[in-house]
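Subject: Structure handover

Dear colleague,

I am passing on the structure below, followed by some notes on what was found in it. Please look it over before reading on.

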Amino acid sequence: MDFSFPNFFHLLHILLFISLVCPVYSSNTRFHQFANQTSEQENTFHKLRKQIANRLQKLNKPAVKTIYSPDGDIIDCVLFHKQPAFDHPLLKGHKLSDPPERPRGYNKADILNKDFQLWSSSGESCPEGTIPIIRTTEEDILRTSSPNRYGQKSINSSLSNPQYVNGVTRGGEYYGAQGDFNVWTPHVEGKNEFSVSQMWVFAGTYGKDLNSIEVGWAVFPSLFGDDRTRLFIYWTADAYQNTGCYNLKCPGFIQTNHKVLLGGTISPISTYNGPQYDVTLSIWKDPRTNNWWLQAGSGILIGYWPVSLFTHLKDHATTVNFGGEIVNTRSTNAHTSTGMGSGHFAGQGFRKAAFIKNMEIVDYSNNLNPVQNQEYIVQLPKCYDSNPGITKWWGRYFFFGGPGRNINCP
């Protein structure tokens with residue numbers, strides 16, 4: 001190589017130029033990468049906000065009256081024909097069903113206190129011709145993993161890890177169910193966990209085409225935004241994949257009652273060694289219309305699931321479950337401390353453990369009969385257990401529940 005002065009000077013200039021240009025080029029590259037990344041994040045953010053806005057527009061219908069509940073709920077009184085149900089493509093032009101034929105054998109004397117929900121305890125109610133709907137907020141949707149699945153169950157069982165204590169009746173043709181549900185407020189540990197007491201009527205295959213109708217009470221912070229005990233319903237026609245939701249969070253269930261709030265706080269609540277409260281809930285298939293009706297107490301019709309929503313439940317249910325369910329996310333790398341029922345084991349009995357009593361099933365002739373050949377499924381008896389029985393006044397019943405994590409349930 002020639003190291004003469006002119007050549008060396010020329011080479012030095014080239015090296016200096018490279019040393020000056022390359023860092024600038026590198027910095028500009030990083031800047032553009034950052035700018036592109038920021039732009040992508042902004043686009044994602046704007047898409048999310050648009051998704052949420054669209055969802056809120058579909059859920060929150062125009063109100064003729066707004067009620068502010070003591071528990072913080074904002075309740076809109078929506079004209080009956082404007083409710084979310086009629087956004088369902090199968091329910092366009094749907095003709096309101098006539099009142100159903102109630103099952104024979106229900107106890108007409110057992111009338112539920114009309115003020116069993118907190119929002120109406122002050123005497124407030126929606127006018128006739130409307131239905132009460134809890135207003136959905138942006139914060140409600142942001143608590144879920146996806147705006148598109150707001151109000152729906154998780155289909156990833158490996159993440160939700162549900163655990164049950166159930167009384168199961170199967171192998172026949174069932175046209176409804178009824179039970180008295182002792183109401184408590186169990187502790188719920190994780191933000192994505194819940195604790196429910198409910199009954200299910202279903203048919204079909206899990207993970208594929210399950211049709212299910214569910215009703216009961218729930219403590220569910222990620223859905224409701226608090227740890228209060230609330231009335232809930234759920235339905236699906238495809239094993240929770242795309243159809244169905246909680247309460248009125250999607251089109252489907254047609255509410256006919258202007259005094260009962262789906263998702264509303266139940267009050268009063270049972271206390272340990274103190275006063276006990278329960279709510280009677282009924283689901284049955286009306287023999288005249290084939291629609292599945294929901295009732296609270298012995299005469300408060302809440303509304304119905306049109307039979308056109310379903311495939312297998314167009315005919316009848318093949319299984320009826322009563323019991324409790326919790327979600328165990330193991331967020332602390334141990335079993336959750338989320339309680340089931342009252343949060344106390346079944347063996348502690350009345351005033352201490354939760355119960356479901358007068359468990360009955362509706363047969364083909366629209367008669368209510370005590371459940372028979374009930375199988376009790378307890379997944380983790382050291383965490384949650386059951387204690388069944390039968391008496392003249394309580395009919396077929398069982399205590400159930402537990403505290404979750406304890407010395408024997410690590």
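Which residue stands opposite Ile233 in S8? Val215 stands there, and S7 and S8 run antiparallel, joined by seven bridges.

This is a predicted model, in which local features need pLDDT of at least 70 and side-chain atom pairs count only at pLDDT 80 or more, while totals for chains, interfaces and linings use all residues. Residues are numbered from 1 along each chain as its sequence is written, and side-chain values use heavy atoms, with hydrogens and water left out.

The sheet: six strands (DSSP E runs of at least two residues, numbered from the N terminus) form an open, antiparallel sheet in the order S8-S7-S6-S13-S4-S16, where pairing requires at least two DSSP bridges between two strands. Strand S8 (230-236) and strand S16 (375-378) are the edges, each pairing on one side only.

The aromatic rings: there are 23 aromatic pairs in the structure, a pair being two rings of Phe, Tyr or Trp (its six-membered ring) with centres within 6.5 Å, stacked if the planes are under 30 degrees apart, edge-to-face if over 60 and tilted otherwise. Phe194 and Phe220 make a tilted pair, because their ring centres are 4.7 Å apart and their planes lie at 45°. Both Phe194 and Phe220 are buried, meaning under 20% relative accessible area with a 1.4 Å probe and protein chains only. These two belong to one aromatic cluster that also holds Phe224, Phe232, Tyr234, Tyr240 and Tyr246.

Best wishes

Methods: Buried means under 20% relative accessible area, exposed over 50%, partly exposed in between (1.4 Å probe, protein chains only). Helices (H or I, at least four residues) and strands (E, at least two) are DSSP runs, numbered from the N terminus.
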